[in-house]
Amino acid sequence: MTEGNNDKKVTDRLLHGLNPQQAEAVRHDQGPLLILAGAGSGKTRVITHRVAWLVRVLDVRPSAILAITFTNKAASEMKSRIEDLIGSVSQYMWIGTFHAMMMRILRRYADRIGYDRSFAIIDSDDQQKVVKSCLADLNLDEKTFAVKAVHGQISAAKNALIDVGAYERQAGSDFFRSRVAQVYRCYQAKLKKNNSMDFDDILVEAVRLLESQPDVLAEYQERFQYVLVDEYQDTNHAQYRLVRLLSERHGNLCVVGDDDQSIYSFRGANIQNILDFEKDFKRCKVIKLEQNYRSTGNVLKAANAVIRHNQGRKKKSLWTQSDDGEKITFLRAEDQNEEGRYIAREIERQVSRLSRKTYRDFAVLYRLNALSRSVEQALREQGIPYRIYGGTRFYDRKEIKDILAYLRLVVMPDDNLSLERVINVPRRGIGSATTDMLAALAERDGVSQMAVCQNAARYPELQRAASRLTAFASLISQLGAGLDSGGKTLDQYLDWMENETGLIQELLDQQQRIVSGDALDRIENLKELLSDAVEFENQVQRLAAPDETLPPEERALVPANLRETVRAFLERAALYTEMDQDKDQDDVVRLLTIHSAKGLEFDTVFIVGAEEGLFPGYRSMGSQIEFEEERRLAYVAMTRARRKLHITATRSRLLFGQTQRYVVSPFVREIPDEHVDEIGGSREGERSMPWSETSQSLPGRPPIPAARSPLADAAAYMAPKPAQKAASVHFSVGDKVEHPKFGIGRILMAEPVAGDAILQVEFKGVGTKRMLAKMAGLTRLGG
């Protein structure tokens, strides 16, 4: 097609302000086009101006254009910008997400593939209810086959276009996958019977429709003369198939993406889709958008130097006409507290003292959710408003709420809300019918629900669940006895409780069934609560030290024993949670994971926890593919900064309940010296060591002078205790071990997690068990 309505005013307006590469992309006419759009290179403007060019200059019918985005927000922005350029004719275009666009096709032709055209789309809650129903039908225990995990496997299969039959063949005789295959078959049958689809089915069934109905495929291939796809690096296999099918006739496919920002493999995204585009679509034109309009020279040159180490990428290098700006500041802090204080004080200095910025100009990015805790604490202490984006505040995370509910129930057994939260967490066969009856009986008799649990055998209405209810009451009693037995610090008690309640074991079981980063993240968060406990006790120690200036009312608040310490700890957690509920405050510092930060930009960015083992994560160490995705994460994080970038690392970090020595991330060491100012130490120095060699025990408490007041008992309780020596995690695959309960066994797997290790051990006559090395009580045997 040649340029038709080539009015000079129109062309000038559409090309005004574009750089040569952007203009070339906008003017491209026939054939496949790959636009490699680096971070901050103005890709949204290119896409919208290209669509306008097709309509106003090349006389393409608006209804012949299909533009696909990944989010409704992006689709809305694209529609608005295109309408601004070409007016109301834009309403005839198909602009939206993959799911929204495929729904339009399915609503017309679903009857061709066995659905009524009025089919329903079920939401995530209903999807999990159907999975739960299938587990019950198949007599599969939810303790072994967690609903969320099973549904995740089904979803992943659908995104890869693996149907039930193919999944069954792949599962073979594997115990877990073969059972998941049964659930998959049951799940699909129930959806079909109810004329329903889930979110993934929209893409799967659209592919099936187009591949099985040649006339339908021909209609849409003829209709869509031009297909545009944004964020192509994030497409999965189902989306790739749809793009190929719809663009096959005319071949005018334009995809925009950046392989250096492909960071969603855990969602099914396949980086090969963009890397292999030139192979898949012959005679493809490639245009690189390398001029960056966001960041300073130093930030871009540093980011380029880092990403250049990846082998699986298309060569490109961002540049800017802006000046170099400030160098990147690298802080080598002594520990996480100094790191947090540096961030808080630097933000406060810029906002209050220099009046240069507002809080919303700052963002703190981290690789692990657990790293937010010490930063949150430092910001709170400085009185700096903040908000967690794309994630959950530390104290609001489910596993943290669960363990705090257990703590409340131990010190306040009449707390019905806490009981209701954890009575079936982890699952112990106490369903909603039982809990409803429990609440009704407690209300009738004017007692707490815990009292009813303790005496469940006396209630005929609870006969079937009586043993489980009394067992739960006994567990809480046992946890209370452990609280009062003495000899434990708060972090040691929490560590013991996390294991005694079964919370850790449930997550270990979940991770065994289906390899799940979510389960490991939750374990890490539970272990990070131990760090909070250590710091809280250190604060109590300082308060307990003899001080004649301490007012009597404050002296009365000093905990005299572990039970009182737990109460104080819970009170602080509750206060922090309440203070954090201010959602109307917009002028806040943003705290978010790097994954959540993609597509965003901030004046000043802090990247925290830049230490080997945290970033890159230890889970990526054995795989070049995963390691390179970690480096892409570093590139994404760095290029979020407009003007100033800070990167922080610590020499030692209290994380997951223990202090470890860390070395600086290799990604930070890849930044050339001329782009970095260093504070507190060099990025070089120590190099990586085997993980087991970096483990350190918790630091000893500083001594407290002998008490000279009525606080003697409290001081005695808080007196320094020898730091608990970290249990050895020097176990290797093949080691012969002995367990006090299960006897002799051999280690089949050892996977590091949260400063510990998940062991899979095969015991003679017992079978395979999973356990955390430090709590397992294993003894290594010779031979």
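# Questions on strands, helices and loops

Reader: What makes strand E10 (residues 362-366) and strand E12 (residues 589-593) a pair?

Author: Four bridges join E10 to E12, which run parallel. Two strands pair if DSSP finds at least two bridges between them, so the four bridges here meet the rule. In E12, Leu591 is the bridge partner of Val364. The model is predicted: local features need pLDDT of at least 70, side-chain atom pairs count only at pLDDT 80 or more, and totals for chains, interfaces and linings use all residues. Residues are numbered from 1 along each chain as its sequence is written, and side-chain values use heavy atoms, with hydrogens and water left out.

Reader: Which sheet holds E10 and E12, and what makes E11 and E17 its edges?

Author: Seven strands form an open sheet in the order E11-E12-E10-E13-E14-E9-E17, with parallel pairing. Strand E11 (386-389) and strand E17 (676-679) each have a single partner strand, so each has one side without a neighbour in the sheet. From one strand to the next the twist averages 20°. Names such as E11 come from DSSP runs (E, at least two residues, for strands; H or I, at least four, for helices), numbered from the N terminus.

Reader: How do you know that helix H16 packs on this sheet, and how is H16 directed relative to E14?

Author: H16 touches strand E9 (328-333), E10, E12, E13, strand E14 (641-650) and E17; contact means heavy atoms within 4.5 Å. The direction of H16 makes about 155° with that of E14. Axes are lines fitted to C-alpha atoms, for helices over the stretch in contact, and angles run from 0 to 180 degrees between N-to-C directions. Angles under 35 degrees count as roughly parallel, over 145 as roughly antiparallel, 65 to 115 as roughly perpendicular and the rest as oblique. H16 is therefore roughly antiparallel to E14.

Reader: Why is H16 called oblique to H17?

Author: The axes of helix H16 (residues 336-353) and helix H17 (residues 372-382) come within 8 Å and cross at roughly 45°. That angle makes H16 oblique to H17. The crossing of H16 past H17 is right-handed (the near helix is turned clockwise from the far one by less than a right angle; anticlockwise would be left-handed).

Reader: Which residues of H16 and H17 meet?

Author: From H16 come Gln336, Gly340, Arg341, Ile343, Ala344, Arg345, Ile347 and Glu348, which meet Ser374, Val375, Ala378, Leu379 and Gln382 in H17. The residues of this contact are six nonpolar, four polar and three charged.

Reader: Which sheet contains E18, and what makes E21 and E22 its edge strands?

Author: E18 belongs to an open sheet of five strands in the order E21-E20-E19-E18-E22, with antiparallel pairing. Strand E21 (767-772) and E22 each pair on one side only. The twist here averages 40° from one strand to the next.

Reader: How is E18 joined to E19 and E22?

Author: Four bridges join E18 to strand E19 (residues 743-753), and the two run antiparallel. E18 and E19 form a hairpin with three residues between them, and His739 stands opposite Gly743 in E19. Three bridges join E18 to strand E22 (residues 779-781), also antiparallel, where Arg780 is the bridge partner of Val737.

Reader: Which side chains of E18 are buried?

Author: Along E18 (residues 736-739), Val737 and His739 point to one face and are buried, while Lys736 and Glu738 point to the other and are not. In a regular strand the side chains alternate between the two faces of the sheet.

Reader: Why is Glu629 classed as it is, buried or exposed?

Author: Its relative accessibility is 11%, and buried means under 20% relative accessible area, exposed over 50% and partly exposed in between (1.4 Å probe, protein chains only). Glu629 therefore counts as buried. The residue is found in helix H29 (residues 624-638). Leaving aside neighbours within four places in sequence, Glu629 is in contact with Ser262, Ile263, Tyr264 and Ser265.

Reader: What makes the backbone at Asp59 and Leu161 worth a note?

Author: Most residues other than glycine have a negative phi. Phi of Asp59 is near 55°, and phi of Leu161 is near 60°; both values are positive. Asp59 lies in the loop between helix H3 (43-56) and strand E2 (65-69), and at 48% relative accessibility Asp59 counts as partly exposed. Leu161 is in the loop between helix H7 (147-159) and helix H8 (164-171), and is partly exposed at 28%.

Reader: Where do Pro426 and Pro616 lie, and what is omega for the cis bonds to them?

Author: The bond from Val425 to Pro426 has omega near -5°, and Pro426 is in the loop between helix H19 (416-422) and helix H20 (432-445). The bond joining Phe615 and Pro616 has omega of about 10°, and Pro616 lies in the loop between strand E13 (602-607) and H29.

Terms used
Ala, Val, Leu, Ile, Met, Phe, Trp, Tyr, Cys and Pro count as nonpolar, Asp, Glu, Lys and Arg as charged, and the others, Gly among them, as polar.
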